[in-house]
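Hi,

Here is the structure I promised to pass on, with my notes underneath. Please have it open while you read.

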Amino acid sequence: MFSEKVVNVGNVNIGGNYPIVIQSMTNTDTTNVEDTLRQINELANVGAKIVRVAVRDMGDIPFFSNIVTHSIVPIVADIHFDYRLAIEAIKAGAAKIRINPGNIGSDEKVRKIVEVAKEYKVPIRVGANSGSIGKEFRHLSRHQALAESALKEVRLLEREGFYDIVISMKSVDPKDNFLANKYVSEIVPYPFHIGITEAGIYEDAAVLSSVGIGSLLINNIGDTIRISISGNPIKEVELAKQLLVLLGFENGIRVVACPTCARAEIDVEKLAYEVKSWVKGKKVNRNITISVMGCIVNGPGEAKYSDIAVVGTKNSSAAIFLKGDLYGTFKNDELKEALLSLLDII
Ligand code: SF4
């Protein structure tokens with residue numbers, strides 16, 4: 001969404017003014033085409049626009065080719081160590097490849113990958129993460145070392161006349177992550193793939209990734225995101241979508257709610273969960289905020305900037321405010337219908 005340059009990953013554009021692209025990676029066995037395609041479909045259905053698949057050895061190539069042929073979204077080949085794998089993955093139809101030139105072996109081998117990538121017009125993602133800092137940069141601060149390691153890889157591709165680049169720098173530490181990406185974003189024009197590496201299990205990954213990715217996005221850095229969670233990748237995409245909607249980068253419905261206090265006249269938490277379930281999956285063509293507020297004393301004022309506010313009143317009822325103006329008062333059992341019908345007309 002923010003880079004100067006745009007790259008095409010199959011039919012998906014990354015960078016420039018294009019929407020931020022959510023991606024994830026399969027964790028099925030690449031040789032199990034059926035399972036892998038099933039997972040790709042699930043990921044696409046919850047919002048992934050591109051999916052990465054590990055190509056581990058030459059034995060994976062025919063299976064990878066089959067996956068690419070039948071996938072409903074562009075597939076990125078994730079390659080380590082062997083330049084020949086990158087070349088074969090491109091020939092098999094990869095829409096993008098992710099390589100780590102640091103473990104490909106020599107500049108000559110990277111050059112051979114670049115030749116084929118140019119011929120097939122396939123972009124290359126390069127970069128570094130906190131576990132792959134170049135030895136020559138270890139005297140630098142952590143974020144600087146991360147930035148310089150990634151820049152070195154970019155310069156290697158540029159020397160070969162290759163500019164169809166997506167860059168990534170991922171740290172386990174959100175502050176290093178931010179500083180490295182910020183520094184490099186002021187130097188290169190390429191789209192940024194952002195995320196926190198090794199973010200851990202769901203509850204930790206959710207916090208770390210929200211801080212790590214969110215801090216960059218609100219500073220206009222980041223064109224494609226991958227939230228990294230140990231386990232089922234579906235959760236990565238769902239969380240990524242939630243993050244983009246909550247930050248206002250993607251159309252959707254945000255349900256916010258007051259923290260409650262002694263003035264609350266309804267069960268705010270229960271109603272907020274209910275409202276979330278009522279609007280789940282509802283397609284809207286802009287960002288809509290619904291507030292659930294506990295009382296009429298402060299609720300309407302605090303919810304002034306919401307599109308719709310549901311404010312607790314006495315006698316098992318709630319008032320609905322539209323852009324700060326009273327729309328009507330409804331009994332609890334009338335709320336769902338009133339709210340959903342409003343969503344269709346605002
Ligand atoms: S809206 Fe009312 S109930 Fe909720 S925190 Fe504010 S004063 Fe308390």
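Helix H7 (residues 174–185) lies across strand S8 (165–170) and S9, and runs at about 150° to S8. Some terms straight away: helices (H or I, at least four residues) and strands (E, at least two) are DSSP runs, numbered from the N terminus. Contact means heavy atoms within 4.5 Å. Axes are lines fitted to C-alpha atoms, for helices over the stretch in contact, and angles run from 0 to 180 degrees between N-to-C directions.

This is a predicted model, in which local features need pLDDT of at least 70 and side-chain atom pairs count only at pLDDT 80 or more, while totals for chains, interfaces and linings use all residues. Residues are numbered from 1 along each chain as its sequence is written, and side-chain values use heavy atoms, with hydrogens and water left out.

Back to the strands that H7 crosses. S8 and S9 belong to a barrel that 8 strands close in the order S3-S4-S5-S6-S7-S8-S9-S10, with parallel pairing; two strands pair if DSSP finds at least two bridges between them. Strand S9 (residues 192–194) is joined to strand S10 (residues 224–225) by 2 bridges, and isoleucine 194 stands opposite isoleucine 225 in S10. Helix H9 (residues 233–246) lies across strand S3 (21–25) and S10, at about 165° to S3.

The protein chain is divided into domain 1 (6–246) and domain 2 (253–345), with bounds that come from an automatic or database domain assignment. Their C-alpha centres lie 39 Å apart, and the C-alpha trace of the protein chain spans about 75 × 45 × 30 Å along its principal axes. In all, the secondary structure comes to 12 helices and 15 strands.

Now to the open sheet. Its 5 strands follow the order S11-S12-S13-S14-S15, and the pairing is mixed. Strand S11 (252–257) and strand S15 (325–331) are the edge strands, each pairing on one side only. On average, neighbouring strands of this sheet are turned by 20° against each other, direction ignored. S11 runs parallel to strand S12 (residues 287–293), joined by 6 bridges; valine 255 has isoleucine 290 in S12 as its bridge partner. S14 and S15 also have 6 bridges, but in the antiparallel sense, and alanine 319 is partnered by threonine 329 in S15. These two strands form a hairpin with 2 residues between them, where lysine 323 in the turn has a positive phi of about 50°. Helix H12 (residues 332–345) lies across S11, S12, strand S13 (308–313), strand S14 (317–322) and S15, at about 140° to S15.

Have a look at methionine 293 in strand S12. Methionine 293 is buried, with a relative accessible area of 6% (buried means under 20%, exposed over 50%, partly exposed in between, with a 1.4 Å probe and protein chains only). Cysteine 258 is 35 residues from methionine 293 in sequence, yet 5.2 Å away in space, C-alpha to C-alpha. Not counting residues up to four places away in sequence, methionine 293 touches several others, including Cys258, Gly299 and Glu302.

Those three names return around the ligand, where the residues are Cys258, Pro259, Thr260, Cys261, Arg263, Ala264, Gly294, Cys295, Asn298, Gly299 and Glu302 (each with a heavy atom within 4 Å of the ligand). By class, this shell has 5 nonpolar, 4 polar and 2 charged residues; Ala, Val, Leu, Ile, Met, Phe, Trp, Tyr, Cys and Pro count as nonpolar, Asp, Glu, Lys and Arg as charged, and the others, Gly among them, as polar.

Best wishes
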